[in-house]
Amino acid sequence: MDVHEAICNAEALLPGEPAESGLDPRWQAIIAVGEFVQSDPEPIWELIAKWGSYPQDDLRDAIACCLLEHLLEHHFADYFPRVEERALTDPLFVATFLRCWPFGQTEEPANATRFNSLMEKLSPKVH
């Protein structure tokens, strides 16, 4: 499977509804997409941009935890400006971004300053 097949598999299940019990197939499909975050960031960013603004909290949780925070973990310099631009203009994407934790490149001092600054700036905007 390549990144495009993984994305097609995920999008076939999205938006869907959260599983009532057990493993959620949507989350599993999004986790499979995340396996390509280091090698194929651009199509993953497109998926994040599309579904990171969806009104369903559980789906935004999956996008944030399984894709966005790991995209920034490995490709901070290339994608943080896009994340920041989107978060400053899209209230639902704000909520997705605020679910992220810093890992990898996001923890480097200059990047951490930018990440934390945006977190602080956006925190009051969540309703």
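Which backbone oxygen does the side chain of R60 reach at 2.8 Å? The backbone oxygen belongs to Y54. Before this contact is placed in its setting, the basis of the description should be stated. The model is predicted, so local features need a pLDDT of at least 70 and side-chain atom pairs count only at pLDDT 80 or more, while totals for chains, interfaces and linings use all residues. Residues are numbered from 1 along each chain as its sequence is written, and side-chain values use heavy atoms, with hydrogens and water left out.

The overall fold comes first. The protein chain contains six helices and zero strands, where helices (H or I, at least four residues) and strands (E, at least two) are DSSP runs numbered from the N terminus. Along the sequence the pattern therefore reads α-α-α-α-α-α. The radius of gyration of the protein chain is 14 Å, which agrees with the value near 14 Å for a compact globule of 127 residues; this radius is taken over C-alpha atoms, and the globule rule is 2.2 Å times the number of residues to the power 0.38. Taken along the principal axes, the C-alpha atoms fill a box of roughly 35 × 35 × 25 Å.

The interior and the surface can be described in the same way. Of the 127 residues in the protein chain, 44% are buried; buried means under 20% relative accessible area, exposed means over 50%, and partly exposed lies in between (1.4 Å probe, protein chains only). Among contacts between residues at least 6 apart in sequence, 69% join residues at least 24 apart, a contact being heavy atoms within 4.5 Å. The protein chain exposes about 6600 Å², of which carbon and sulfur atoms supply 54%; such areas come from the Shrake-Rupley method with a 1.4 Å probe, and for residues only the protein chains shown count as cover.

Helix α3, residues 41-51, shows what burial looks like for a whole element. This helix is mostly covered, with eight of its eleven residues buried. The buried residues are P41, P43, I44, W45, L47, I48, A49 and W51. Their cover includes α1, α2, α4 and α5, the last of these spanning residues 91-97.

Helix α4 covers residues 57-89 and includes A87; R60 also lies in α4. R60 counts as buried because its relative accessibility is 3%. Leaving aside neighbours within four places in sequence, R60 is in contact with W51, G52, S53, Y54, P55, L92, A95, T96 and R99. The approach of the R60 side chain to the backbone oxygen of Y54, at 2.8 Å, is a polar contact, that is, a pair of N or O atoms within 3.5 Å; within protein, one must be able to donate a hydrogen and the other to accept it, and residues adjacent in sequence count only if both atoms are side-chain atoms.

Elsewhere in α4, A87 is buried because its relative accessible area is 2%. With residues up to four places away in sequence set aside, A87 touches F93, V94, L118 and L122. The C-alpha atoms of A87 and S53 are separated by 9.6 Å, although the two residues are 34 residues apart along the chain. D78 is another residue of α4, and D78 is exposed because its relative accessible area is 53%. From D78 to G22 the C-alpha distance is 36 Å, with their positions 56 residues apart in sequence.

D58, also in α4, leads to the loop between α1 and α2. D58 is partly exposed because its relative accessible area is 21%. Apart from residues up to four places away in sequence, D58 touches P18, D24, R26 and W27. The C-alpha atoms of D58 and E17 are 8.4 Å apart, and the two residues are separated by 41 residues along the chain.

D24 lies in the loop between α1 (3-13) and α2 (25-34). D24 counts as buried because its relative accessibility is 9%. Not counting residues up to four places away in sequence, D24 touches E17, P18, A19 and D58. A polar atom of the D24 side chain lies 3.1 Å from the backbone nitrogen of A19. P15 is in the loop between α1 and α2 as well, and a cis peptide bond, with omega of about 0 degrees, joins L14 and P15.
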